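Please look at the chain with its interior in mind, beginning with the packing around one helix and ending with the enclosed spaces.

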Amino acid sequence: MASTIKVNLPQQSYDIAIAPGGLDRLGESMVGLKLGKKVLLVSNPTVFQHYGQRAIASLQTADFEVVSCILPDGENYKTLESLQKIYDVAVENRLERSSTMVALGGGVIGDMTGFAAATWLRGINFVQVPTTLLAMVDAAIGGKTGVNHPQGKNLIGAFHQPGLVLIDPEVLQTLPVREFRAGMAEVIKYGVIWDAQLFAELEASQHLDAMGDMKSELIDSILVRSCQAKADVVSKDEKEAGLRAILNYGHTIGHAVESLTGYTQVLHGEAVAIGMVAAGQIAVELGMWTQQETERQNVLIEKAGLPTKLPAGLDIEATIEALQIDKKVKAGKVRFVLPTQIGVVKVTDQVPSDTIRQVLRSMQ
């Protein structure tokens, strides 16, 4: 099932193309974007081994000149040092302002490639070819790019929209189960913050923890509805002046968990799941939504094989302190996205530290 979703923006609108077998038409899809001939393909060893040559062959068939840069796999490599490797390949191959960087990989590769494209020659073309569920439904869409600082996640970055997001669902066949489950955290997030019908579809499914156990119609719906939700929000608020902040549901505490565990112990989606459990319970404690609703959310998180407890040994006070370094802090106050009903959330900075502490202790 092929679908095209438009991200409507004042300066650079673009398509999210969901197309089985689309990887083999990557070059053809890029021809219409009126790009220069030079392409720098950025990937990691695992993804490149599976799909690198197919992507390169497609680009070369469309008369693009392709060079590649292979970066180590993992969130702990999302650093300025890794970024330097992209710049080095760009220098060696004389990438110009008409050139394009193509991200072939998950959210880490997409974020780094996008930031390199945003800053190389003050901004060049950029195409996302996400290969994980999390990147397909979230990270590849919306133009957030960047790298981590040792003190916090994505503190160094820029908004730089891609010219195209090409999603080939067939590449999910090689995605490890743990990575698939991590992507499901972002899907559940869309159900809570925006799309009650998607939430209901997830509730109706017997399995959410392995792609092979889920109906193909549900996978199609997950991709289309999640991408549409992200496109809707980004189209209304490109640079997070207001509405777009709701996409951070579960991310406030989630980012603190990632940072404090050194980006090696917990996958991003797993941290978001933990953060959603915490945010849901905070909302209950503040009288914003019901215990029944937060339990419905948590049942989905568990059904997707995702954690609902904090990592063993995580220091509660260090977690609360880490929240102060979060990008979403405003005037010294931590802003939380909290649900009021399935499909509706609000952003508030009126969350007492004692409430956060109490909820985190209940999750140990």
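The buried residues of H8 pack against strands S1 (3-7), S2 (14-18) and S9 (164-167) and against helices H5 (133-139), H6 and H7 (196-204), where contact means heavy atoms within 4.5 Å, and where helices (H or I, at least four residues) and strands (E, at least two) are DSSP runs numbered from the N terminus. This is a predicted model, in which local features need pLDDT of at least 70 and side-chain atom pairs count only at pLDDT 80 or more, while totals for chains, interfaces and linings use all residues. Residues are numbered from 1 along each chain as its sequence is written, and side-chain values use heavy atoms, with hydrogens and water left out.

Helix H8 covers residues 216-236, and among its buried residues (under 20% relative accessible area, with a 1.4 Å probe and protein chains only) are Leu-218, Ile-222, Ser-226 and Lys-230.

In H6 (residues 177-193) lies Glu-186, which counts as buried because its relative accessibility is 0%. Leaving aside residues up to four places away in sequence, Glu-186 touches Leu-134, Val-137, Asp-138, His-251, His-268 and Val-272.

His-251 also appears in the lining of the second largest cavity, together with Gly-250, Thr-252, Ile-253, Gly-275, Ala-279, Phe-336 and Val-337; a cavity is a set of points on a 1 Å grid over the protein atoms alone where a 1.4 Å probe fits but cannot get out, and lining residues have an atom within 4 Å of a point. H9 gives the most to this lining, with three residues.

Note on methods:
Buried < 20%, exposed > 50% of the residue type's maximum accessible area, 1.4 Å probe, protein only. Expected span 1.5 Å × (residues − 1). 1 Å grid on protein atoms, 1.4 Å probe; cavity = no way out; pocket = protein on both sides within 12 Å on 5 of 7 lines; lining within 4 Å.
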